[in-house]
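Got your viewer ready? Load the model, switch on the cartoon, and follow along one selection at a time.

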Amino acid sequence: MSVHNILISRTSDGLLLTANTDARTCSDPEELKKSFNQAKLLARISSRIPDRATYVIDQFTIHMISALNLTYLVICDSNYPSVLAFTFLDDVQREFLQSNERERVESVTRPYALIQFDTALQRIKQRYNSTRSMASKLNLSQLQEEIKLRPPHMITPEELRPGGGANVNSTDSQTHFTLAIPKRYGNYLPINLLVVVSICLNSLCAVLNFTRGVAVINEAHIEDFARDHYQNAASFIFCSFLLLFQVYLMCYPRKQRKPLACATLGSVCLCQLYLWELRNNVQIFFHVTVACYGTFVIFTRPVQEKLPQYTL
C-alpha cells in the first residue's frame, strides 16, 4: 500500500499548480493514469465539494482537502489508511504554504507554474510510503478519533457529472465568491482599482439619468401633454440602462464584448446629443467621459481564456 500521485490546484478556478506523477510505486500504471484524470476532474470542481472528501475508484482512492483557495489531492492504494492520507495532505499543505507566497499563487495563470514544488512532494511521499515508521511517529488513535468525529464527504460518480456536486451550503464546505463568474469565453482576472472606479462612476451616472427621466415624466403630467417630454424621459432612462450594461460587460466577459462596448458608447453619445438642450456642456462632457472610461476598462481588463488540457 502506497501513496502514488499528488496534485495541488487553485480551488476557485481549478487551475493545476503542481503535481507529482511518479508511477514507479504502482503495479498498474494504466489504471493509475485513469485515476489521475479523475483527480484532475475533481480539482476542477473542487469549489463545490466539501473541504474534506474521499473518492473511491476500484483499487485506488483519492483523498482531498481544501483551504485558503487551494485544493490538495492524493491518489493512494485503496488499502492505504485514510488517517495517514489526510495527515499526509496536511503536511503537504503546510510545506506548500511555507514555500509559496499567497500573492504568487493567486497571480499564476498557466498550469503547472509551480512544478518546482515536485521535489518537496517526492520527499514527503517517500516518508509516508514507509507506513510502519510513520505509524510509530504519529498518534494514530487520536487521528482516527478526529476522522470519526468529522468524517470526510464520500464523493459519488453523480457528483462528477455536469450539474452535480455536493451541497455547498453545508457546514463542511467552503464557498468561494468571485466578482466575475466563470463563463464559456473565459474569466476576468481579479478586479482592480480602475474597474471599481469605473463601476462606481457608471452606477452614479445611471442613477442620475434615471432620476432625471422620472422627473421629466412627472413634469409631463403636470403640464399639458407634450410628446417631447416623454421622448426626453425615455432617452434619460435608456441612457441609464446603457451605462448599467457597461457595468455588466466589465464584470462578465462575453465573446463579443468589444463590439458591444463600442455600440453602447455610441448609443450613450447619441442620447447625450439628443438631450443637448436639457443639459449644460459640463454635464454632457461628464457623462460622455464616464462612458468612454467604461469602454476603455472593458477593452483593457485582462481575460483568462479557457486553458488547454495540459498533461505532464
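Start at a turn. Select the hairpin of β1 and β2: five residues sit between the two strands, and Gly14 there takes a positive phi near 75 degrees. Keep in mind throughout that this is a predicted model.

**The hairpin strands**

Now extend the selection to the strands themselves. β1 covers residues 3–10, and β2 covers residues 16–20. They run antiparallel and are joined by four bridges. To see one of these pairings, pick Ile6 and look across to β2, where its bridge partner is Asn20.

Is β1 mostly covered or open? Colour it by accessibility and you'll find it mostly covered, with eight of its eight residues buried.

**Out across the sheet**

Next, show every strand of the sheet that β1 belongs to. It's an open sheet of six strands, in the order β2-β1-β5-β4-β3-β6, and the pairing is mixed. Its edges are β2 and β6 (153–154), each of which pairs on one side only.

Step from β1 to β5 (70–77). These two strands are antiparallel, with seven bridges between them; select Val3 and you'll see Cys76 of β5 standing opposite. One more step takes you to β4, residues 60–67, which pairs with β5 over eight bridges, again in the antiparallel sense. Here the pair to pick is Ile65, which stands opposite Tyr72 in β5.

**Stop at Tyr72**

Leave Tyr72 selected and expand to its contacts. What does Tyr72 touch, leaving aside neighbours within four places in sequence? The list is Leu7, Ile8, His63, Met64, Ile65, Leu89, Val92, Gln93, Phe96 and Leu97.

Several of those names come back when you display the largest nonpolar core. That core has 29 residues, and the ones with the most contacts inside it are Ile8, Leu17, Tyr72, Phe88, Val92 and Phe96. At least two residues each come from β1, β5, α2 (82–99) and α4 (118–128). The largest share, eight residues, is supplied by α2. There's also a second, separate core of 22 residues, which includes Leu7, Leu32, Ala39 and Tyr112. As background, nonpolar side chains in soluble globular proteins tend to be buried together.

**Two polar stops on α2**

Stay on helix α2 and select Gln93, which lies in it. Gln93 counts as buried because its relative accessible area is 16%, under the 20% cut-off. Beyond residues up to four places away in sequence, Gln93 touches Ile65, Ala67 and Tyr72.

Then move to Thr87, also in α2. Thr87 is buried too, with a relative accessible area of 10%. Draw a distance from its C-alpha to that of Leu143: the two residues are 56 apart along the chain, yet the atoms are separated by 8.2 Å.

**Down the barrel of α9**

Jump along the chain to helix α9, residues 257–274. Its 18 residues reach 25 Å from first C-alpha to last, close to the 26 Å expected at 1.5 Å a residue. Select its buried residues: Arg257, Ala261, Thr264, Leu265, Val268, Cys271 and Gln272. Rotate until you look down the axis of α9, and these buried residues fall within an arc of 125 degrees, so they line one face of the helix. On the other side, Leu270 and Leu273 are exposed.

**And α10**

The last helix on the tour is α10, residues 281–300. It has 20 residues and reaches 28 Å between its end C-alpha atoms, close to the expected 28 Å. Which residues of α10 are buried? Select Ile284, His287, Val290, Ala291, Gly294, Thr295, Val297 and Ile298. Viewed down the axis of α10, its buried residues fit within an arc of 160 degrees, so they line one face. Flip to the face turned away from that buried side, and you get the exposed residues Asn281, Val282 and Phe285.

Before leaving, zoom in on the N-terminal end of α10. Asn280 caps it, with a side-chain oxygen 3.2 Å from the backbone nitrogen of Val282.

**Zoom out**

Clear your selections and show the whole protein. Its secondary structure comes to 10 helices and eight strands, and buried residues make up 44% of its 312 residues. Finally, turn on a contact map: among contacts between residues at least 6 apart in sequence, 71% join residues at least 24 apart.

How values were computed. Residues numbered from 1 in each chain as written. Predicted model: local features only at pLDDT ≥ 70, side-chain atom pairs only at ≥ 80, totals over all residues. Heavy atoms only, no water. Core = buried A, V, L, I, M, F, W, Y, C linked by side-chain atoms within 4.5 Å. Buried < 20%, exposed > 50% of the residue type's maximum accessible area, 1.4 Å probe, protein only. Contact = heavy atoms within 4.5 Å. Expected span 1.5 Å × (residues − 1). Arc of directions from axis to C-beta. Polar contact = N/O pair within 3.5 Å; in protein donor to acceptor, adjacent residues only side chain to side chain. Pairing = 2+ DSSP bridges.
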